[in-house]
2 protein chains.
Amino acid sequence: MRIVVLTGGIGGAKFLVGVRAYARRTGAEVTAVVNVGDDAVLHGLRVCPDLDSVMYTLGGGADAQRGWGRAGETWAVKEELTAYRAEPTWFGLGDRDIATHLVRTTMMNAGYPLSAVTDALCVRWNPGVRMIPATDDRLETHVVVSDPDPAPPAQRAIHFQEWWVRHRGALPTHRFVFVGAAQAEPAPGVLDALAAADVVLIAPSNPVVSVAPVLAVPGIREALVGGAAPVVGVSPIIGDAPVRGMADRCLAVLDVPCTAAAVAGLYGSRRSGGVLDGWLVDPVDAAAETDGVPVRAVPLWMTDETATAQMVAAAVELAGSVEPAGTRPRPDGVAR
Amino acid sequence: MRIVVLTGGIGGAKFLVGVRAYARRTGAEVTAVVNVGDDAVLHGLRVCPDLDSVMYTLGGGADAQRGWGRAGETWAVKEELTAYRAEPTWFGLGDRDIATHLVRTTMMNAGYPLSAVTDALCVRWNPGVRMIPATDDRLETHVVVSDPDPAPPAQRAIHFQEWWVRHRGALPTHRFVFVGAAQAEPAPGVLDALAAADVVLIAPSNPVVSVAPVLAVPGIREALVGGAAPVVGVSPIIGDAPVRGMADRCLAVLDVPCTAAAVAGLYGSRRSGGVLDGWLVDPVDAAAETDGVPVRAVPLWMTDETATAQMVAAAVELAGSVEPAGTRPRPDGVAR
């Protein structure tokens with residue numbers, strides 16, 4: 001069985017630990033298509049927070065307590081950059097993390113695409129799943145905001161990292177823009193993986209700024225909408241609150257309620273032009289209306305690898321039980 | 001009084017501490033023209049060992065015990081780069097040091113010349129002397145070597161850092177080449193400082209790979225040879241051994257004996273087309289023949305700031321006692 005997972009960073013990385021455990025038990029192959037919208041160039045270094053969260057987590061190098069970055073991280077470079085008053089001062093890069101960015105930036109400056117760099121970094125980390133950035137092209141999530149007090153309030157677009165890390169999302173916020181998405185192409189392997197997939201899972205990542213930028217790459221959404229594989233999403237919301245992160249803040253910008261059902265509605269049913277064939281929710285959200293998408297309720301707290309693998313098993317079972325709405329024949333040539 | 005010092009890194013930095021102390025006592029202004037031939041791009045970062053040695057030492061951030069790099073340095077990035085097997089593995093960048101290189105590289109990629117970047121970095125370090133790189137242009141010291149055993153022995157050129165840090169100079173070595181020197185221009189301020197100087201000092205730096213690359217920038221040697229200011233060199237050799245570093249190894253490549261007198265001969269007397277009006281040696285070398293250059297002998301061990309300032313005072317006195325051979329009028333318009 002071939003599983004493709006669309007994913008963001010930290011929450012998606014925890015989910016992928018469960019996907020990998022499920023795959024090891026069942027012999028499945030896993031491809032993770034990872035968001036790059038959070039990527040930024042900081043102090044001249046190409047930083048890929050979601051790719052690195054996935055790579056470090058699956059490679060055993062993540063800080064499990066803090067929830068992001070490298071285990072045993074130190075901050076000497078950050079302290080020195082602060083002493084130089086080097087901007088941006090609001091984004092702290094750890095020393096260990098910086099080595100990753102140095103290798104990546106050096107390779108990219110030498111002409112290697114991000115997907116090839118990711119392969120090279122994974123030689124060390126051996127994540128056990130194939131990791132592909134959604135695109136090798138520039139795709140940055142920017143946020144259109146107003147400053148709190150000038151009159152008339154002028155709108156400006158800032159990088160997602162500035163919005164979230166510097167301002168904690170606490171600016172009047174109008175919308176998210178995926179800069180470069182319209183011109184981006186899926187990275188090599190993404191469309192092939194989707195075409196060959198037996199099941200596509202959408203990780204319980206932020207639907208607005210983690211999964212949406214992946215789907216914004218022309219060809220990826222279409223591959224889900226029109227593909228043969230069933231697509232099952234895992235709710236990032238449990239009982240009207242995000243499992244972790246800032247989905248509530250991002251959904252509010254879109255005027256979407258912070259509920260499992262509303263997120264399903266945001267993705268939409270494949271029968272009506274969306275991407276979902278099935279939707280996995282927590283039992284506390286089992287009664288929610290989901291706009292015609294078949295729902296299964298299982299505990300969604302990713303407390304450990306075993307619990308997460310059970311979630312994944314439920315998602316795959318749900319995928320097997322639904323009638324995918326895609327129009328293309330399945331890889332074996334037999335329409336389901 | 002205006003003092004210009006031509007200098008390399010570590011030994012030159014110690015010397016400059018004494019120059020600064022002397023200048024504070026006498027009200028002199030000091031400009032250091034610093035070698036860039038050791039500069040390299042490592043892991044995408046522009047590393048300037050000599051500029052940084054001077055800046056850290058004068059700014060109170062150098063590791064006095066180790067003799068190079070930052071005090072309190074840590075090595076997390078280096079360990080991680082090694083784990084990635086990122087080349088070059090033979091050059092270790094410290095975490096604190098890397099912050100300097102990140103700021104420099106970011107500014108240079110934004111279009112600032114090295115001299116402007118050096119000014120910006122010195123806002124933090126406040127070295128108390130004006131620091132100018134010899135040139136803003138590319139000037140790299142390369143070393144023509146043979147590999148030990150292939151037959152026929154093929155010559156190849158490697159970067160100075162590779163020759164020294166990786167191979168400890170222990171390859172069959174034919175010559176040094178200052179790549180880019182012929183096309184380089186002195187950085188803004190260098191020629192003005194030399195034209196306005198009351199005395200030019202050559203620090204007890206490596207004559208072959210620290211001072212020679214400075215003099216190789218067209219215009220700088222000419223400014224010394226033809227300038228009004230007396231030029232006094234301080235011997236980097238005491239009793240037939242370098243005070244520190246690798247001058248012996250470099251002099252051997254040029255078939256020049258490792259003696260104070262031989263180094264004076266390498267620089268040459270201004271009366272015969274060289275750059276020296278005077279030569280400061282240690283008492284153990286006082287009897288040496290120096291090809292017509294006036295010599296003064298004072299203790300040259302830079303044991304502390306006071307001892308070094310006394311050396312500097314002796315060098316300035318020597319400068320005042322010699323008849324400079326230059327042809328240009330002094331800044332005040334009165335030929336001496």
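Me: I've got this predicted model open. Where do I start: how many residues does each chain put into the contact between chain A and chain B?
Reply: Each side gives the contact a set of residues: 20 from chain A and 20 from chain B. On the chain A side, α3 (76-83) and α4 (95-109) each supply at least two residues. The largest share there comes from α4(A), with nine residues.

Me: And what classes of residue make up that side of chain A?
Reply: Sorted by class, the side of chain A that touches chain B has ten nonpolar, six polar and four charged residues.

Me: How do I read the way the two copies are arranged?
Reply: Here's the general idea: two copies of a chain are related by a rotation about an axis and a shift along it. In this model, chain A lands on chain B after a rotation of 180° with 0.0 Å of shift along the axis, at an RMSD of 0.0 Å. That is the relation of a two-fold axis.

Me: Which residue of chain A comes closest to the rotation axis?
Reply: Look for A:D95, whose C-alpha is 3.4 Å from the axis. Both copies also use the same surface, since 100% of the contact residues of chain A recur in chain B.

Me: Now inside one chain. Into which domains is chain A divided?
Reply: There are two pieces to colour: domain 1 (2-34 + 183-321) and domain 2 (40-133). The centres of these domains of chain A, taken over C-alpha atoms, are 25 Å apart. Between them, 21 residues of domain 1 of chain A are in contact with 16 residues of domain 2 of chain A.

Me: Which elements of domain 1 give two or more residues to that side?
Reply: In chain A, those are α1 (10-26) and β2 (29-34). The largest share is from α1(A), which gives eight residues. By class, this side of domain 1 of chain A holds twelve nonpolar, seven polar and two charged residues.

Me: What about helix pairs? I never know which values to look at.
Reply: Two packed helices are described by the angle between their axes and the distance between the axes. Try α1 (residues 10-26) and α12 (residues 305-321) of chain B: they pack at about 75°, with axes 7 Å apart. Angles of 65 to 115 degrees count as roughly perpendicular, and that makes α1(B) roughly perpendicular to α12(B).

Me: Which residues make the contact?
Reply: From α1(B) they include B:F15, B:V19 and B:Y22, and from α12(B) they include B:T308, B:M311 and B:V312. The contact of α1(B) with α12(B) has nine nonpolar, two polar and two charged residues.

Me: Sheets next. In what order do the seven strands of the open sheet in chain B run?
Reply: Trace β5-β2-β1-β9-β10-β13-β14 in chain B, with parallel pairing. The edge strands, β5 (130-133) and β14 (295-297) of chain B, each pair on one side only. Neighbouring strands of this sheet are turned by 20° against each other on average, direction ignored. To zoom in, take β2 (residues 29-34) of chain B, which is joined to β5(B) by four bridges. B:V34 has B:P133 in β5(B) as its bridge partner.

Me: And the three-strand sheet of chain B: is its pairing parallel or antiparallel?
Reply: Antiparallel, in the order β7-β6-β8 (chain B). β7 (155-159) and β8 (173-179) of chain B are at the edges with a single partner strand each, so one side of each has no neighbour in the sheet. Here the average turn between neighbouring strands is 30°, direction ignored. Six bridges join β6 (residues 140-146) of chain B to β8(B), and B:V143 stands opposite B:F176 in β8(B).

Definitions and conventions: Residues numbered from 1 in each chain as written. Chains lettered and ligands numbered in written order. Predicted model: local features only at pLDDT ≥ 70, side-chain atom pairs only at ≥ 80, totals over all residues. Domains from an automatic or database assignment. Contact = placed C-beta atoms within 7 Å. Nonpolar A, V, L, I, M, F, W, Y, C, P; charged D, E, K, R; others polar. Pairing = 2+ DSSP bridges. Axes fitted to C-alpha atoms, helices over the stretch in contact; angles between N-to-C directions. Parallel < 35°, antiparallel > 145°, perpendicular 65-115°, else oblique. Least-squares fit on C-alpha atoms with pLDDT ≥ 70 in both.
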